[in-house]
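User: I am new to this structure and would like to understand how its labels are earned. Could you walk me through the reasoning?

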Amino acid sequence: VLVRSPHTTAPASERATHGWLKAHSALGELLGVDFETVSLNALYRASDLLLKHHERLERELFGQVADLFGLSSTVTLYDLTNTYFEGAAASNAKARRGHSKEKRTDCPLLTLALILDGSGFVRRSQVLAGNVAEGTTLAQMLERLQAPAGALLIMDRGIATEANIEWLRESGYHYLVVSRERHRQFDRSASTAVETTAGQTVHLQRVDSEDGEVRLYCHSEARAQKERAIEQRFIERFETGLRQLADGLSRPRAHKAIDKLWERIGRLKEKSHGVGQHYDIEIVPDESNTKARAIVWKQRPVQGTRLTHPGVYCLRTDLSDWDAERLWRTYLMLTDLEAVFRTLKSELGLRPVYHHKAQRCDAHLVITVLAYPFVQLIRRRLKTKGINDSWSTLRNTLCGQSRLTATFTCADGRTLHVRKATRAEPQQLRIYQALGINPAPGGIQKTLI
């Protein structure tokens with residue numbers, strides 16, 4: 001049904017869904033439900049009911065998926081994302097302003113914490129306040145999940161605080177995280193090369209510590225090119241600002257006071273995204289020693305930074321018996337979690353939130369999370385048949401098929417209504433065949449009146 005009527009997993013409010021079910025959908029016919037008799041309040045009550053039982057639903061859904069694919073619970077991905085409200089959401093205690101991943105600093109936020117297995121299926125979710133700090137949620141979530149002892153946690157640097165890592169050690173978990181250390185280092189002569197699925201080369205340097213922890217310094221040339229371009233843009237912006245200050249000294253009304261110029265240079269450094277640390281700047285005073293005659297600068301790159309070591313990042317883990325390539329490829333699972341967030345936000349309507357009541361806001365996020373396993377199951381099955389389309393592309397492809405009613409007047413004056421599905425187009429037929437679904441849903445129904 002999800003594939004046959006793809007709009008059932010398209011972003012929509014309860015009101016929009018109610019109108020679609022009555023006016024445009026054949027879902028009621030396929031399910032044997034008369035949606036004309038279903039009130040709008042019934043959908044809101046269904047939302048409340050799903051929220052009430054969402055922990056059990058998540059547990060049962062993941063259990064079914066784990067049995068279906070033989071998933072192991074030894075690898076766990078953990079991360080947070082947030083969505084924003086359209087409106088003040090004054091009556092929702094969780095609606096708080098914080099760091100918006102969509103740059104919507106003008107809106108209150110709501111945070112979603114997800115724990116997934118290594119294959120990208122949701123094991124547990126929780127709705128948190130919009131201003132929650134990433135590093136403070138890990139212990140609470142793992143305790144509620146009752147994750148098995150010895151499981152491997154893969155996390156990004158926002159959650160990988162020293163306190164969390166220490167808690168993982170004490171609780172018997174393994175970890176593979178992005179290090180929060182700022183100093184970058186890399187020795188290519190001590191590294192090994194591995195190839196990505198895209199055919200790019202990444203160099204890995206493993207450093208073992210005396211305390212049993214492993215640091216894995218990784219260098220990606222593709223990432224280095226991107227970071228060089230970013231740094232160059234910030235450098236040009238910073239030097240343009242310095243040049244404008246220097247050129248202004250020749251104009252009669254420009255600021256020339258040395259203390260004011262240092263203030264303006266300080267503001268330039270604040271906005272330079274760290275580029276300012278690589279410059280020695282000197283203000284040359286005039287004869288009065290209170291006004292500037294010139295501003296000169298020279299770039300002196302600070303070692304161990306993005307400017308001197310572009311494309312370098314560090315992983316840390318307690319898995320000392322794993323080789324460098326296995327650690328790195330396991331860490332790449334974290335990109336699956338990022339793909340999950342993109343699907344939830346863009347294709348399943350996680351953002352924005354239009355509700356006002358707290359329980360309806362929570363239900364909005366919970367329903368989105370509950371829909372994701374079905375999307376993941378369908379796409380996983382299609383992928384085995386060589387179909388790698390996004391969920392929005394699949395919806396657009398399938399929504400072209402309709403059920404129509406043709407009406408005929410018989411010779412005896414009676415009216416014949418024939419209801420049937422339109423013929424599936426080749427792209428639709430390919431999807432149906434990959435899923436083992438009848439391309440003519442509902443059969444042919446004839447009514448003589």
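Analyst: Happy to! This is a predicted model, and a good place to begin is Glu55 and Arg124, which form a salt bridge with their closest N and O atoms 3.2 Å apart. Glu55 sits in helix α4 (residues 54–69) and Arg124 in strand β3 (residues 122–129), so the bridge ties together parts that are 69 residues apart in sequence.

User: Why is the contact between Glu55 and Arg124 called a salt bridge?

Analyst: The cut-off is within 4 Å for a side-chain nitrogen of Lys or Arg and a carboxyl oxygen of Asp or Glu. The Glu55–Arg124 pair, at 3.2 Å, therefore qualifies.

User: What makes Arg124 buried or exposed?

Analyst: Buried means under 20% relative accessible area. Arg124 has 6%, so it counts as buried.

User: And why is Glu55 called partly exposed?

Analyst: Its 35% lies between the 20% and 50% limits, so Glu55 is partly exposed.

User: How do you know that Glu29 and Arg403 form a salt bridge?

Analyst: Their closest N and O atoms are 2.7 Å apart, and the limit is within 4 Å, so the label fits. This pair links helix α2 (residues 27–31) with strand β12 (residues 403–409), and its two residues are 374 residues apart. Arg403, at 10%, is under 20% and therefore buried.

User: Which residues are linked in a network of salt bridges?

Analyst: The network joins Glu162, Glu166, Arg169, Glu181, Glu213, Arg215 and Arg316. Within it, Glu162 and Arg316 have their closest N and O atoms 2.7 Å apart.

Methods:
Residues are numbered from 1 along each chain as its sequence is written. This is a predicted model: local features need pLDDT of at least 70, side-chain atom pairs count only at pLDDT 80 or more; totals for chains, interfaces and linings use all residues. Side-chain values use heavy atoms; hydrogens and water are left out. Helices (H or I, at least four residues) and strands (E, at least two) are DSSP runs, numbered from the N terminus. Buried means under 20% relative accessible area, exposed over 50%, partly exposed in between (1.4 Å probe, protein chains only).
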